[in-house]
Amino acid sequence: MTLERRKTVATLLADRDDGLLVVTGLGSATYDAAAAGDDPRNFYLWGAMGGCLMVALGLALAQPGRRVLAITGDGETLMGLGSLATIGVQSPANLSIVVLDNGRYGETGMQESHTALGVDLCAAARSCGMARVFEIHDEAGVARLVRELQTGTGTLFARAIIAADDPPRVLPSRDGVYLKTRLRHAIGCDEP
Amino acid sequence: MNAESVSPVDWPLDIHRVLEAAGIRQVSYVPDAGHAGLIRACQATPSMRTVKLTTEEEGVALAAGAWLGGQRSALLMQSSGVGNCVNMLSLVTACRFPLLTIVTMRGEWAEFNPWQVPMGTIVEPVLRLCNVLTYRVDRAEEAGETVQAAADLAFGGDLAVAVLLSQRLIGRKQWVHG
């Protein structure tokens with residue numbers, strides 16, 4: 001059983017708390033978040049593959065009073081796998097990571113990723129010391145994830161097993177300076 | 001340290017003072033002998049969060065996230081780490097994030113390991129190709145003011161700036177744990 005990626009992300013971001021900040025990995029995760037509704041508190045990566053989780057860590061450490069949610073794919077996570085060790089050591093209570101895992105590199109033609117060939121991202125996250133690690137593949141799992149995102153504490157790592165499909169692209173702005181500036185405006189951290 | 005590198009100026013502490021005064025809140029690093037004193041000083045500073053990295057490119061992304069959240073970050077690395085950062089620096093250019101990095105050089109003055117030379121000798125052109133400005137420090141008394149100038153430029157102008165601490169400044173590698 002697998003989840004539908006667009007619906008899953010839309011559910012995670014429905015009725016979002018004012019404080020929630022979202023960082024997305026390049027490719028489909030960025031399109032999924034944009035499809036759920038553009039928001040100045042979203043920071044979309046359009047490149048810098050492997051960087052999503054570390055951008056989210058820097059933001060989480062800088063904003064301990066807000067929750068930070070990183071949404072990315074299995075390929076993007078694999079490219080920055082060392083980040084799991086770095087994040088595990090830091091263990092920010094306000095950081096949640098959701099990996100949309102279809103075992104494919106969607107942007108380049110749906111070639112198999114390592115997770116389709118036996119690599120277990122949850123085991124990696126657990127061994128790196130993440131506080132809350134679990135896998136979801138159905139609606140009950142999504143409901144649990146929503147609860148954990150809103151009320152739980154401790155670094156969260158969830159692997160959402162999604163269908164290997166390729167929904168139509170929903171493209172947010174590619175202007176990095178704009179995306180950076182509007183997020184800083186939205187949370188009132190512009191320097192004088 | 002050998003006699004050649006003995007200096008009345010404690011440059012790691014000078015750099016630390018500048019970073020603290022500049023309001024640096026997140027200091028990321030890959031453990032490095034040349035940066036050992038500065039790293040220890042940052043770890044002992046309550047206003048600074050030190051973040052140990054598995055690879056230097058993580059620190060580039062961390063600095064971007066810190067800035068999104070209103071904090072200043074500094075990335076400490078050795079010259080070999082510059083090569084690890086190349087693609088991640090596209091994040092800095094594309095979004096015009098400020099970046100302050102301090103790089104201890106290998107592969108130049110009195111290098112004993114030829115494996116350090118290929119990356120060490122191309123650090124400056126690689127950084128320039130990646131739109132990172134470079135300042136070089138050869139004398140201990142210049143370290144603090146150079147990092148100050150780099151911090152002003154990076155955070156005042158939303159620019160990426162690297163301070164390269166020359167191998168002559170740092171001294172010959174000693175086979176002790178730093």
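This passage looks at one helix of chain A and then at a pocket and the cavities of the structure. The model is a predicted one, and the description below should be read with that in mind.

A good place to start is helix α1 of chain A, which spans residues 5-13. Several of its residues are buried, namely A:Arg5, A:Arg6, A:Thr8, A:Val9, A:Leu12 and A:Leu13. When the helix is viewed down its axis, these buried residues fall within an arc of 165°, so they line one face of α1(A). A general feature of helices helps here: an α-helix has 3.6 residues a turn, so residues three or four places apart point the same way. The partners of the buried residues of α1(A) come from both strands and helices of chain A: they pack against the strands β1 (21-24), β3 (68-73) and β4 (95-101), and against the helices α2 (28-35) and α7 (139-151).

The two ends of this helix have features of their own. At its start, a side-chain oxygen of A:Glu4 comes to within 3.0 Å of the backbone nitrogen of A:Arg6. After the helix comes A:Asp15, which has a positive phi, near 50°.

Attention now turns to open space. The second largest pocket holds about 290 Å³ of space. It is lined by 19 residues, and those closest to its centre are A:Leu26, A:Gly27, A:Tyr105, A:Gly106 and A:Glu107. Elements of chain A that each supply two or more lining residues are α2, β3, α4 (74-79) and β5 (104-105); of these, α4(A) gives the most, with three residues. By class, the pocket lining comprises five nonpolar, nine polar and five charged residues.

Enclosed space is found as well, in two cavities of 30 Å³ or more. The largest cavity, with about 40 Å³ of space, is lined by B:Val60, B:Leu75, B:Met77, B:Cys85, B:Leu89, B:Leu99, B:Thr101, B:Leu127 and B:Val132. Strands β3 (72-78) and β4 (99-104) of chain B are the elements that give two or more residues to this lining. Eight of the lining residues are nonpolar and one is polar, while none is charged.

The second largest cavity, of about 30 Å³, leads back to the helix described at the outset. Its lining is made up of A:Arg6, A:Ser28, A:Tyr31, A:Glu107, A:Asp166, A:Pro167 and A:Arg169, and A:Arg6 is also one of the buried residues of α1(A). Here the lining divides into two nonpolar, one polar and four charged residues. A:Glu107 appears in this cavity lining and is also among the residues closest to the centre of the second largest pocket.

Technical notes
Residues are numbered from 1 along each chain as its sequence is written. Chains are lettered from A and ligands numbered from 1 in the order in which they are written. This is a predicted model: local features need pLDDT of at least 70, side-chain atom pairs count only at pLDDT 80 or more; totals for chains, interfaces and linings use all residues. Side-chain values use heavy atoms; hydrogens and water are left out. Buried means under 20% relative accessible area, exposed over 50%, partly exposed in between (1.4 Å probe, protein chains only). Helices (H or I, at least four residues) and strands (E, at least two) are DSSP runs, numbered from the N terminus. The arc is that of the directions from the helix axis to the C-beta atoms. Contact means heavy atoms within 4.5 Å. A polar contact is a pair of N or O atoms within 3.5 Å; within protein, one must be able to donate a hydrogen and the other to accept it, and residues adjacent in sequence count only if both atoms are side-chain atoms. On a 1 Å grid over the protein atoms alone, a cavity is a set of points where a 1.4 Å probe fits but cannot get out, and a pocket is an open set with protein on both sides within 12 Å along at least five of seven lines; lining residues have an atom within 4 Å of a point. Grid points are joined across faces, edges and corners, and a volume is the space filled by probe spheres set on the points. Ala, Val, Leu, Ile, Met, Phe, Trp, Tyr, Cys and Pro count as nonpolar, Asp, Glu, Lys and Arg as charged, and the others, Gly among them, as polar.
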